[in-house]
Amino acid sequence: MALWTPSQNLSVVFSPPSNGSEARMRGMWRRRDSVMVRTASSEVSSSAGGEMAAYEEGQLERPNWAGETPLSRLVGAIISFKPLYSVLKLGARQVLISTAEKTNIPWREMTIEILESDVYKEMESIENPSVVYPDYYLNPFHAYDEGNLSWLAAAEAEAATMSMVRRATPDASSLEEANKIVRGNWLQAIEQHHLQYSGSTIRDILDVGCSIGVSTRYLADKFSSAKVTGLDLSPYFLSVAQYKEKKRASRKNPINWVHANGEDTGLPSKSFDLVSMAYVLHECPARAIVGLVREAFRLLRPGGTIALTDNSPKSKVLQELSPVLFTLMKSTEPFLDEYYLTDLEGKMREAGFVNVTTVLTDGRHRTVTGTVPLL
């Protein structure tokens, strides 16, 4: 789950709202490095009014603070100094909370509500005691010493996700509008890819790294006739997901929550039409990214779609982050360099996916889709 998005002025494009608005997205496609990248027509107007321009790519293949650059090595040396790391970690946490509350996201209140609830009762039905956690998953993440294996991380996840979405779309007038943009573009990219390259009905969906189920619920709402499964390595996150789902109106097809490793799910081969991973890969070392992509290929039926949404290395916003922000960010994301150095599209093709397409779905994020070849 991505927690960081810089506050920059960006124009945005989102899918047409369901209220019958006549606004329509006019896609323009262009080739870059043999990856299809869609931008938005400058003629498109949002439901809130005003013209919007295309998302901008930076001049680099990836930010100069990532990878093996001198600047990246300098930041790594600073972070590795333990006394300074502790200060950075505290600072990163304070930035997350304060920026959320500045945009009217009640971080502390939302956290207390979960921690003082009956969410703990969900653990017994969620946790799979046979799960073996990979070594990378036991590292600190997002300023939590226990990483994703803690109640505090799980309780704060929804507010953190809201903050990420809000800050990814600084021109949005509200959280609701921001979600229409970020989630709407992501869902539209998935739907368009599947319609173009498969055309079959999406009957079964797997959301890998589902966290507390935010992305899972969006998928279930969008594809309401499908059976949706949310899978995560954290039983704490899954407990919150199940607890929150029980609080809402029942669905025709209830979401199934699975505690498992996304690299080795134990689920049957060729059992899904869509495998999605939202804001997961930047938290993984390269070897895990490869494992996740390969497992997704095994799980998908012929003609099935994989959809990976995460930070875009070519994002102009990310490439222009201030030194303070990218240092704080890297202090809480131990595998960020490996993510930016990974040729994601290439790894997907190596796993067997075809029709690999990259779409800039907001100023910071890309959605990369691919298809399992038809028999």
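**Exercise 1. Nonpolar cores**

Task: In this predicted model, find which residues have the most contacts inside the largest nonpolar core.

Solution:
- Start with the core itself: the largest nonpolar core holds 50 residues.
- Val-275, Met-277, Met-348 and Phe-353 have the most contacts inside it.
- Next, look for the helix behind this core. Helix α9, residues 286–299, gives the most, with six residues.
- Now follow Met-277. Beyond its neighbours within four places in sequence, Met-277 is in contact with Val-208, Leu-292, Ala-296, Ala-307, Leu-308 and Thr-309.
- Finally, turn to the second core. This separate set has 29 residues, including Ile-181, Cys-210, Phe-223 and Ala-278.

**Exercise 2. Thr-342**

Task: Place Thr-342 in the chain and decide whether Thr-342 is buried or exposed.

Solution:
- Locate the residue. Thr-342 sits in the loop between α12 (336–341) and α13 (344–351).
- Apply the cut-off: buried means under 20% relative accessible area. Thr-342 has 11% relative accessibility, so Thr-342 counts as buried.
- List its contacts. Leaving out residues up to four places away in sequence, Thr-342 touches Ala-286, Ile-289 and Lys-347.
- Check the separation from Ile-289. The two residues are 53 apart in sequence, with C-alpha atoms 8.5 Å apart.
- Add the side chain: that of Thr-342 reaches the backbone oxygen of Glu-338 at 2.7 Å.

**Exercise 3. Cavities**

Task: Describe the largest cavity and the residues of its lining.

Solution:
- Search the whole structure: six cavities of 30 Å³ or more turn up.
- Take the largest cavity, with about 250 Å³ of space.
- Its lining has 20 residues; Tyr-137, Gly-209, Asp-232, Val-280 and Glu-283 are the closest to its centre.
- Sort the lining: 12 residues are nonpolar, six polar and two charged.

Methods:
Residues numbered from 1 in each chain as written. Predicted model: local features only at pLDDT ≥ 70, side-chain atom pairs only at ≥ 80, totals over all residues. Heavy atoms only, no water. 1 Å grid on protein atoms, 1.4 Å probe; cavity = no way out; pocket = protein on both sides within 12 Å on 5 of 7 lines; lining within 4 Å. Points joined across faces, edges and corners; volume = space filled by probe spheres on them. Nonpolar A, V, L, I, M, F, W, Y, C, P; charged D, E, K, R; others polar. Core = buried A, V, L, I, M, F, W, Y, C linked by side-chain atoms within 4.5 Å. Buried < 20%, exposed > 50% of the residue type's maximum accessible area, 1.4 Å probe, protein only. Helix = DSSP H or I, 4+ residues; strand = E, 2+ residues; numbered from the N terminus. Contact = heavy atoms within 4.5 Å. Polar contact = N/O pair within 3.5 Å; in protein donor to acceptor, adjacent residues only side chain to side chain.
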